[in-house]
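This report covers one residue and its surroundings, then the symmetry of the chains and the contact between them.

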There are 2 protein chains.
Amino acid sequence: MSQAATDYRPMWEALGLDLPGHDALLSAIPLMYQDAHLSQANRPEGMAYFDFVMSEIHGLRIKELVDHKAAGGTVIGTFCLYVPEEIIRALGGQCVGLCAGAEWAYGEVERILPKNTCALIKSFMGFKLGKVCPYAEACDLIVGETTCDGKKKAYELFTDLAPLHVMELPQMKRPEDRVLWRAEIERLTAKLEEISGRNLTAEALAAAVKEVNDKRRALQRLNAARRASPVPISGKDALLAVQVAFYDDVPRFTSMVNKIADELEARVAAGEGAMPKGAPRILVTGTPMAIPNWKMHDVIEKLGAVVVMEELCTGSRYYSQLVDETPTDIPGMIDVITDKYLDINCACFTPNQGRIDDVIRLAQDYKVDGIIQYDLQFCTPYQIEATAVDRAAKAAGIPVLRIDTDYSSGDMGQLSTRVEAFLEMIE
Amino acid sequence: MSQAATDYRPMWEALGLDLPGHDALLSAIPLMYQDAHLSQANRPEGMAYFDFVMSEIHGLRIKELVDHKAAGGTVIGTFCLYVPEEIIRALGGQCVGLCAGAEWAYGEVERILPKNTCALIKSFMGFKLGKVCPYAEACDLIVGETTCDGKKKAYELFTDLAPLHVMELPQMKRPEDRVLWRAEIERLTAKLEEISGRNLTAEALAAAVKEVNDKRRALQRLNAARRASPVPISGKDALLAVQVAFYDDVPRFTSMVNKIADELEARVAAGEGAMPKGAPRILVTGTPMAIPNWKMHDVIEKLGAVVVMEELCTGSRYYSQLVDETPTDIPGMIDVITDKYLDINCACFTPNQGRIDDVIRLAQDYKVDGIIQYDLQFCTPYQIEATAVDRAAKAAGIPVLRIDTDYSSGDMGQLSTRVEAFLEMIE
């Protein structure tokens, strides 16, 4: 975000960004980051790495991607956990999440999408129409999926804007669905082979499986430390780690997260917390939060509570399952990759009891005082599934609050009041 | 609806209906029917049959279903075109559409579903929670499907309320999807065999294929007559025929629709119309309209225009494709049933160019002056696909109007004003 050290404008211009719009965006994010993250007390020292990453998220990281392409690699954009990063990396690709965490160009978006579309979808469409996401502009291919009606149908309009490949995610998890999903992973592999001009090798795939598992293991360590009381890292900082995991260089990210995990484990041993010991412990579950969407965590933590776990795509769903490293041949590895990704519990599946069970298990495991269901308005799968989560939480005796919101700041006061009342109730 | 001839209250009570609520519902529908249908001039005489059906829709028809069950048959409820009626009938079942065309028990519904759920889903849930749909209460099984996020997730809550079987409809139409869909049809067959205590025979299936095709052929004849100018039947009456097709006894319905088709063909030959020759001709496309949802057609036709075609699930999508009658063995028949149903162009598919092509082809074939896109608010698949329909209509030089609405009467004035302005523009 900072333009202090290097002038990235020629690079942004070459990528086709709308420079005045991009300038406006880049002037807003540091203020949000300052307010949400840098203003926190007792942060782990290791978070300095993330502060640096955030300061260079449209700068140095984009330059790395551009250099990677110049060296013959590809950049592949995704909006969803279900796109297997292992395959992308094994074929010389860098996998990047695309910008979708803020309101942008909604006027233009609402000319082609209904107003009652969720903020995430409007946002990704707005960043593309407004040409302010350097990740999207650097992509050789964007990989979509059929997780929800909104994305599935919005991708049809996105086809006009960027090279796109859509994976069909099944809606159940039975053997026939696994067959379909495995075929989709093979179809993606063929597409990536075509784009990269490479062939998938067992050696490269095994290395990529290990590398991406290492990233997940590092995040598992970081998040395991959050079981402690006092909690050694704020929810906002832990959320940021997963958000950055979608963008950052994998081995570097893994190494930095492991360093933070070392620090957190030392903090836990010393009884040091990022927040006071008595702070109410909250689990947040629901729809994903892309950078710079820190709204829910910010409201909760500014009221003195702490988020100790996220059952989110930008949370436990991202890192909790590993790909089995046993198989060594390509079909065997594709098998276990198929299984790992199909095992994620998105609300797009029916039924989706696995997610309900995860929420309750995590809530108990992390000894939370309450669950906050954070759902984007018009996100039908999560909004309807919230009823089942509510019922399960009540049956388990865990207080639960439902928040339906968007990316605007217009309801911050109201959210704050509702969360405050909830915290008073559970304390 | 009329309680004149027979007292159906003991039957309704035995079905578990909420009698006071049901009374209130039954007192409202005849007024709506009078205002929308009976008030029309120049109706085909054959519509007297539908007037009778409507007057007995919760009475005689329910009694027939109850008698059918008493004689060892089953009643299977559906909310969607994709559930193959042929299989249901071949196993001794009567297939019925379920009530979903009016606001009912929304207060109760909105305790478990988000307010921003489409009217059709809120309605089916409300009729069930309020216990005012005798079709739903008479069902041995309700067959749902994964067509959209809203239905897919609402069925999870519906499981607590009624015996339910959910079919997974794929989201694309490639060979792998056909494999999945064929397996789903076999899974449904097994479920229906279990419930009915019968085994599927080739003879019964061939008879059912013929019978349901005959119903579709009769509707094709009726709707073919609408190409004429002046048009021999109003859009409201033609819509009603398809709406009733979901509920009525199949051979009787077929015979009555063929009689109306005879009458319409004679009218066309004589140059007689239900509406004046110069009335603007409208194609309506979008989301399905369940009884008593006649709102859009009513607004259009009361302004002096006429709907000459519906590209709707309660329109051409229902009757335009037949099941191939060539195969004689069960696997061969299941194959062609798989193909026929997968060939329906619902907006739940991606891409769905077939539907866009259908809309333009029908608009040209029926020489329409304009297209009205009727979509329920919060029906994401159709609302987003409306952008592609808009673009195709404009490219074909056909004026197009988009209407997003619900089941309330609150926006009737506004709709009327917008449609009136559209009609003035195209005249």
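## Lys215(A) and its surroundings

Helix α11 of chain A (residues 202-224) contains Lys215(A); helices here are DSSP runs of H or I with at least four residues, strands are runs of E with at least two, and both are numbered from the N terminus. The model is predicted, so local features need pLDDT of at least 70 and side-chain atom pairs count only at pLDDT 80 or more, while totals for chains, interfaces and linings use all residues. Residues are numbered from 1 along each chain as its sequence is written, chains are lettered from A and ligands numbered from 1 in the order in which they are written, and side-chain values use heavy atoms, with hydrogens and water left out.

Lys215(A) counts as buried because its relative accessibility is 1% (buried is under 20% relative accessible area, exposed over 50%, partly exposed in between; 1.4 Å probe, protein chains only). Leaving aside residues up to four places away in sequence, Lys215(A) touches Glu85(A), Ala245(A), Val250(A), Phe253(A), Thr254(A) and Tyr318(A), where contact means heavy atoms within 4.5 Å. With Glu85(A), the side chain of Lys215(A) also makes a polar contact of 2.9 Å. A polar contact is a pair of N or O atoms within 3.5 Å; within protein, one must be able to donate a hydrogen and the other to accept it, and residues adjacent in sequence count only if both atoms are side-chain atoms.

## Symmetry of the chains

A turn of 180 degrees with a shift of 0.0 Å along the axis lays chain B on chain A with an RMSD of 0.0 Å. The two copies are therefore related as by a two-fold rotation axis. The superposition is by least squares on the C-alpha atoms of residues with pLDDT of at least 70 in both copies. Among the residues of chain B, Asp149(B) comes closest to the axis, at 3.1 Å (C-alpha).

## The interface

Each chain contributes to the contact: 42 residues from chain B and 42 residues from chain A. The copies meet through the same surface, because 100% of the interface residues of chain B are also interface residues in chain A.

The two chains bury about 3,600 Å² between them, 51% of it on carbon and sulfur atoms (accessible area lost on being put together, 1.4 Å probe, summed over both). On the side of chain B, Lys153(B), Gln171(B) and Ile384(B) lose the most area to chain A, together 19% of what that side buries.

The rule finds 8 salt bridges across the interface (a side-chain nitrogen of Lys or Arg within 4 Å of a carboxyl oxygen of Asp or Glu). One of them joins Glu168(A) and Arg174(B), with the closest N and O atoms 3.0 Å apart.
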